[in-house]
Amino acid sequence: DAIRGYEQSIAREAQDFAISRRRQQEDFEKSLAEVYEDGAKQVAKIEKSYAKQRERAQEQYKDNLTKAAAHLDAMAVYEEQKRFRQQSQDAADEHDERLQEQRDAEQESIDDLREHLEEQRQREDEDRELQRQRTEEDHQQQLDQLGQDYAERLEDINRHLGEERQALNDS
């Protein structure tokens, strides 16, 4: 009966641990989805800002080019084209940098989540091993006590039998 109780408690503990790990994984996946969702929102903002900036730059470029052409100023047209190319390149570089920063921040968040999950699992594994050892020790103490109780009971029976034999022999 004690052994069955011990085995049952071990099985329950294993089930509880599996449930805990499943919930932990679900929480991790939920957090991961939130990081990806937030990252996608940030990328969308960056893309929208970049598109607006490019649109304004295009309009300014057309205006400046039109003014230079109206004055038949070839040097101004050339300078405007050169300025626009440089401005476009700078904007593209800044855009790429902002996207990379966003990706890096997202990856850092993911790495932090994974590290936290791993640390949590490691602590739980250590706690589980300690609990298993304690349960095993408790079980062994119960078995030892049962053995001791059984031995004492046998001694009592033997003593009682001895007394009865002695009483029969004396009569």
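**Exercise 1.** In this predicted model, classify Glu13 as buried, partly exposed or exposed, and then establish which residue forms a salt bridge with Glu13 and where the two partners lie.

*Solution.* Glu13 has a relative accessibility of 25%, and therefore counts as partly exposed, given that buried means under 20% and exposed over 50%. The salt-bridge partner of Glu13 is Arg128, with 3.1 Å between the closest N and O atoms. This pair links distant parts of the chain, since Glu13 belongs to helix 1 and Arg128 to helix 2, 115 residues apart. Arg128 is itself partly exposed, at 30% relative accessibility, and its charged end also sits over the ring of Phe17, 4.2 Å from the ring centre.

**Exercise 2.** Determine why the rings of Tyr61 and Phe84 count as a stacked or a tilted pair, and which helices the pair ties together.

*Solution.* The ring centres of Tyr61 and Phe84 are 4.1 Å apart and the planes meet at 25 degrees, so the pair is stacked, the cut-off for stacking being under 30 degrees. Because Tyr61 lies in helix 1 (residues 2-70) and Phe84 in helix 2 (residues 74-170), the pair ties together parts that are 23 residues apart in sequence. Tyr61 counts as buried at 15% relative accessibility, and Phe84 counts as buried at 13%.

**Exercise 3.** Find which residue forms a salt bridge with Glu136, and how many residues apart the two lie.

*Solution.* Glu136 pairs with Arg132, the closest N and O atoms being 2.7 Å apart. Both residues lie in helix 2, four residues apart, which is about one turn of the helix.

Notes: Residues numbered from 1 in each chain as written. Predicted model: local features only at pLDDT ≥ 70, side-chain atom pairs only at ≥ 80, totals over all residues. Heavy atoms only, no water. Phe/Tyr/Trp six-rings, centres within 6.5 Å; stacked < 30°, edge-to-face > 60°. Buried < 20%, exposed > 50% of the residue type's maximum accessible area, 1.4 Å probe, protein only. Lys NZ or Arg CZ within 6 Å of the ring centre and 35° of its normal. Salt bridge = Lys/Arg side-chain N within 4 Å of Asp/Glu carboxyl O.
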